[in-house]
Amino acid sequence: MQDHPALSGDCGSCFGLCCVALPFAASTDFAVDKPAGKPCSNLLADHRCGIHTRLREKGFTGCTVYDCFGAGQKVSQVTFGGSDWRTGPREHARRMFDVFPVVRQLHELLWYLTEALTLPAARPVHAELRRLLERTEELTLGTPQELAALDVAAHRQEVNVLLLRTSELARAGTRGKKKDRRGADLMGARLKGADLRGANLRGALLIAADLTGADLRGADLIGADLRDTDLTDADLTGAFFLTQPQVNAARGSAGTRLPERVGRPGHWTQT
């Protein structure tokens, strides 16, 4: 979010953690296999990506749709006090790689909680949202040992209960019958021009779905899989819990209307 830079990746303040700690498999998203803990072959000595401007043409589309939500710089500069995994002992590097995914999940929750607090309809639960926001931020400041031992799933569940309530309040203002497609398998679905105003699309599989010209105003898109989803000329005004990685994974056009908090990907068609 523009007003919350700490929740967006700052690669210049990170030690390339996503390029080392995380595994990936050869697929349409990645050109090669890489196990967790092994540096990507494209990672330079200064922690920059050697093919950053050519990731898509080199077969690393998965990298272009990833965002750590600011966890990389938090772990690098706060949790480990600016100590580089390259120069420390092997155990130091292992702890850093173990902690990074934990903080990444916590920062994603911070993103959702922060957005929830901007929704006027969620005012009845704002106090609870602030409490959980503060608690989640406190957790991100734990020691490496505390973070490694954290039950992230339990905390995520606690947050999710409140985000569900937030969603209900936010979507209640949308007129008409609101579709509930939570967790639905809509892979490749033909939904051109569909009326999905105020729909619950939490966790829906929309891979390669055709949502050309669809009306998604006020829809809940938390966790929806938008890989290769066609959002050409779709209206997502007021849609919430939509993240930049989700938008980056989709296809769109200059006519696609997005919420203010996410940017228009450079690879989208401009016509």
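Reader: With which residue does Arg-202 form a salt bridge?

Author: This is a predicted model, and the answer comes from its atoms. The closest N and O atoms of the pair are 2.9 Å apart. A salt bridge needs such atoms within 4 Å, so the pair qualifies. The partner of Arg-202 is Asp-220.

Reader: Where in the chain does that pair lie, and how many residues apart are Arg-202 and Asp-220?

Author: The pair links distant parts of the chain. Arg-202 sits in the loop between α6 (152-171) and α7 (244-249). Asp-220 is in the loop between α6 and α7 as well. Their separation is 18 residues.

Reader: Is Arg-202 buried or exposed?

Author: The relative accessibility of Arg-202 is 5%. Buried means under 20%, so the class follows from that value. Asp-220 falls in the class too. Arg-202 is buried.

Reader: Which residues of α6 does Arg-202 touch, and which of them are buried?

Author: Leaving out residues up to four places away in sequence, Arg-202 touches Asn-160, Leu-163, Leu-164 and Ser-167, among others. Its contacts also include Arg-182, Gly-183, Ile-222 and Phe-241. The buried residues of α6 include Asn-160, Leu-163 and Ser-167.

Reader: Against which helices do the buried residues of α6 pack?

Author: Helix α6 has 20 residues. From its first C-alpha to its last it reaches 28 Å, close to the 28 Å expected. Its buried residues include Val-152, His-155, Val-159 and Leu-162. They pack against α3 and α4 (126-140).

Reader: Which residue meets Arg-94 in a salt bridge within helix α3?

Author: Helix α3 covers residues 90-116. The two partners are four residues apart there, about one turn of the helix. The N to O distance is 2.7 Å. The partner is Asp-98.

Reader: Are Arg-94 and Asp-98 buried or partly exposed?

Author: Arg-94 has 42% relative accessibility. Asp-98 has a relative accessible area of 38%. Partly exposed runs between 20% and 50%, so these values settle the class. Arg-94 and Asp-98 are both partly exposed.

Reader: Which residue pairs with Arg-257 in a salt bridge, and is that partner buried or exposed?

Author: Arg-257 lies in the segment after α7, and its partner is in the loop between α6 and α7, 22 residues apart. The N to O distance is 3.4 Å. Arg-257 counts as partly exposed at 49%. The partner is Asp-235, which is buried at 11%.

Reader: Which residues are joined with Asp-235 and Arg-257 into one network?

Author: The network forms through salt bridges that share partners. By the salt-bridge rule, the count comes to 19. The residues joined with Asp-235 and Arg-257 are Asp-195, Arg-197, Asp-215 and Arg-217.

Reader: With which side chain does Lys-74 make a polar contact?

Author: Lys-74 lies in helix α2 (residues 71-79). It counts as buried, at 11% relative accessibility. Residues that Lys-74 touches include Val-103, His-107, Thr-140 and Leu-141. Its polar contact, at 3.5 Å, is with the side chain of Glu-137.

Reader: How many Å apart in space are Lys-74 and Arg-171?

Author: In sequence, Lys-74 and Arg-171 are 97 residues apart. Arg-171 is one of the buried residues of α6. Taken C-alpha to C-alpha, the distance between Lys-74 and Arg-171 is 33 Å.

Reader: Which residues have the most contacts inside the largest nonpolar core?

Author: That core has 28 residues. Leu-201 is among its best-connected members, and Leu-201 touches Leu-186, Leu-216, Leu-221 and Ile-222, among others. A second, separate core of 22 residues includes Phe-15, Met-96, Val-99 and Leu-106. In the largest core, the residues asked for are Leu-201, Leu-206, Leu-211, Leu-216, Leu-231 and Leu-236.

Reader: How many helices and strands are in the chain?

Author: From the N terminus on, the elements run α-α-α-α-α-α-α. The chain has seven helices and zero strands.

Reader: What radius of gyration does the chain have, against that of a compact globule?

Author: The C-alpha trace spans about 60 × 45 × 30 Å along its principal axes. Buried residues make up 49% of the 271 residues. A compact globule with 271 residues would have a radius of gyration near 18 Å. The chain agrees with that, at 19 Å.

Definitions and conventions: Residues are numbered from 1 along each chain as its sequence is written. This is a predicted model: local features need pLDDT of at least 70, side-chain atom pairs count only at pLDDT 80 or more; totals for chains, interfaces and linings use all residues. Side-chain values use heavy atoms; hydrogens and water are left out. A salt bridge is a side-chain nitrogen of Lys or Arg within 4 Å of a carboxyl oxygen of Asp or Glu. Helices (H or I, at least four residues) and strands (E, at least two) are DSSP runs, numbered from the N terminus. Buried means under 20% relative accessible area, exposed over 50%, partly exposed in between (1.4 Å probe, protein chains only). Contact means heavy atoms within 4.5 Å. A polar contact is a pair of N or O atoms within 3.5 Å; within protein, one must be able to donate a hydrogen and the other to accept it, and residues adjacent in sequence count only if both atoms are side-chain atoms. The expected span of a helix is 1.5 Å times one less than its number of residues. A nonpolar core is a set of buried Ala, Val, Leu, Ile, Met, Phe, Trp, Tyr and Cys residues joined through side-chain atoms within 4.5 Å. The radius of gyration is taken over C-alpha atoms; the globule rule is 2.2 Å times the number of residues to the power 0.38.
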